[in-house]
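User: Please take a close look at one part of this model, and then follow it outwards to whatever surrounds it. I would like a connected account that I can read with the structure open beside me.

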Amino acid sequence: MAQKPSIPKGTRDFSPEEVSKRNYIINILRHNFELFGFQPIETPSFENSNTLMGKYGEEGDRLIFKILNSGDYLSKASEANLSFKDSNALTSEISEKALRYDLTVPFARYVVQHQNEIDFPFKRYQIQPVWRADRPQKGRFREFFQCDADAVGSDSLLQEVTFIQLYDAVFGDLGLEGVTVKMNNRKILSGLAETIGEADKLIDFTVALDKLDKIGEEGVIKEMLEKGISQTAIERVKPIFRVHGNFADKLILLKALLADSVIGKKGIEELEYINTKIEALGLSTISLDLDVTLARGLNYYTGAIFEVAAPKIVAMGSIGGGGRYDDLTGIFGLKNMSGVGISFGLDRIYLVIEELDLFPAQALKGTKLLFINFGETESLYCLKAVKKLREAGITSELYPDAAKMKKQMSHADKRNIQFVVLAGAEEIEQDVYTLKNMKTGDQKRLSISELIQELN
RNA sequence: GUGGUUGUAGCUCAGUUGGUUAGAGCGCCUGAUUGUGGUUCAGGAGGUCGUCGGUUCGAGACCGAUCUUCCACCCCA
């Protein structure tokens, strides 16, 4: 055998069955996005490097796929960077474009670039692949789809409320029980850092705090100490390691802890507002939880932070996330444009639904009826029926070759086609079609109109 | 980027301390059955043992490099 072709690490091929299942999820997402009034946009697969670089932190820059310039790109590179093998400096000289890393930054660029055409507040959704030069592992790929809904141009917290309802609607339609939307607020995290006198170590503080469920209280304390956060500061923040109870209980604890922090109190106020509205409106499928340790997400979140946890019975990281960013478009020169948005991780949602066996049979519907091909005259007779059936909306096809019957029948069998039609000389003479149900084995002769009626 | 792990037929995997011609199940093809698939029976095809190099009289097995798989870290959907 010839050497096997392959695909790059962290990428995947999708079979017809997998595409059908993915489309099932995408259709539910799209339907709900539109039901909530979001409009679709699409942006290029690659952007100018300077649009992306520096927007995701140092780690993010490393994970961005850079595209080599066309032509003799080395001729423009500086001798100094070449001879010193300075990869970072050289990159900007030989690469001016990069693959999209997420959908939020391109969206911010889109908003700034099209600000005069857009009517604000603007709500858009976007379902496209993104690429990260990460090391793959379970549920982590180098090419994967993000499904984002964002709203810009409104400070109203009703947007946050709406996004929680959107999560509820989508996971309800998917039949995925046990999903928890965890919510926090950047202002709370800022307030905590401020209260304990470590405001300048906010990022280190939150990154360590975020790992609580993974490395435990001791691990978090150890990491905080390593990052230079003082023992007394840690003592003061310890109560949040052990918060419990419902949303309101946690708020009470936070109120006590953040009584002296203006920004912290603002965060509490926001969370309380959102929770009150959600309680009044009710949720049907998901549950909403306040998670003070939730700090995940990009540095640009300024208000609400969301993370969607898969049902506990499946071992899977987050299947979605989002938050409020007051100044995302600021980096592209458009000030005072607040945005808030959420993302659905299609590939991970797929894995969860697959693991829980929640794909409905209807997600896989293919051809319903295959006509067996007996030869020239017979196939034309069949094609006439195929045309009428298709006009009636019945998925049908004719086997293209007059192959052996066993081959044609087993083809129908393997493709899970429910019915076959056998039409030879005898049927043509009587102007009928022999319909066979592949499941039961039943056969009957029907006229074309009876055939359509039978299958509708 | 750091550490570990994996790779043998289309798929899932055996293969003893290095020893003749590398196996199984499933799948595939042909026939039993020239207008009847899924079951059964008989037969058949299919391998550069990831790749390159090394050790050895001899390598699927040992060593090195590289690619790939999966896992942990970092980070993240």
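Analyst:
**A buried strand and its surroundings**

Taking the paired strands as the starting point, β5 and β6 run antiparallel and are joined by 10 bridges; the model in which they are seen is a predicted one. Strand β5 spans residues 122-131, while β6 covers residues 143-152. Within this pairing, Gln 126 has Asp 148 of β6 as its bridge partner. Strand β6 also pairs with β11 (residues 339-345), again in the antiparallel sense, through 7 bridges, and here Asp 148 stands opposite Ser 343 of β11. Pairing of this kind is made through backbone hydrogen bonds, whether the strands are parallel or antiparallel. Because 8 of its 10 residues are buried, β6 is largely enclosed by the rest of the structure.

Arg 124, which has its place in β5, repays a closer look. Arg 124 counts as buried because its relative accessible area is 0%. Its side chain makes a polar contact of 2.9 Å with the side chain of Gln 126, and a polar side-chain atom of Arg 124 also lies 3.1 Å from the backbone oxygen of Leu 103. If neighbours within four places in sequence are set aside, the residues in contact with Arg 124 are Phe 38, Gln 39, Ile 41, Leu 103, Phe 107, Asp 148, Ala 149 and Asp 150.

From β6 the account can be carried on to the RNA. The elements that give two or more residues to the surface near RNA strand B include β6, together with α3 (57-63), β10 (318-325), α16 (405-414) and α17 (425-430), and among the contributors α16 gives the most, with 6 residues. There are 42 residues around RNA strand B, of which Lys 138, Arg 140, Ser 318, Lys 404 and Met 438 come nearest. Sorted by class, this surface has 20 charged, 12 polar and 10 nonpolar residues. On the RNA side, 49% of the atoms of strand B within 4 Å of the protein belong to sugar or phosphate, and the rest belong to bases.

Some of the approaches to the bases can be given atom by atom. A polar side-chain atom of Glu 59 lies 3.3 Å from a base oxygen of RNA strand B, whereas at Gly 424 a backbone N or O atom lies 3.5 Å from a base oxygen of the strand. At Lys 439, a polar backbone atom is 3.4 Å from a base nitrogen of RNA strand B.

Another sheet, further along the chain, completes the picture. Five strands form an open sheet of mixed pairing, in the order β13-β12-β14-β15-β16. Its edge strands, β13 (396-398) and β16 (443-446), each pair on one side only, and from one strand to the next the twist averages 25 degrees. Strand β12 (residues 369-371) pairs with β13 in the parallel sense over 3 bridges, and Leu 369 has Ser 396 of β13 as its bridge partner. Two helices lie across strands of this sheet. Helix α15 (residues 376-391) lies across β12, β13 and β15 (433-437), and runs at about 165 degrees to β13. Helix α18 (residues 448-455) lies across β12, β14 (419-422), β15 and β16, and runs at about 130 degrees to β16.

Key: Residues numbered from 1 in each chain as written. Chains lettered and ligands numbered in written order. Predicted model: local features only at pLDDT ≥ 70, side-chain atom pairs only at ≥ 80, totals over all residues. Heavy atoms only, no water. Near = heavy atom within 4 Å. Polar contact = N/O pair within 3.5 Å; in protein donor to acceptor, adjacent residues only side chain to side chain. Helix = DSSP H or I, 4+ residues; strand = E, 2+ residues; numbered from the N terminus. Nonpolar A, V, L, I, M, F, W, Y, C, P; charged D, E, K, R; others polar. Pairing = 2+ DSSP bridges. Axes fitted to C-alpha atoms, helices over the stretch in contact; angles between N-to-C directions. Contact = heavy atoms within 4.5 Å. Buried < 20%, exposed > 50% of the residue type's maximum accessible area, 1.4 Å probe, protein only.
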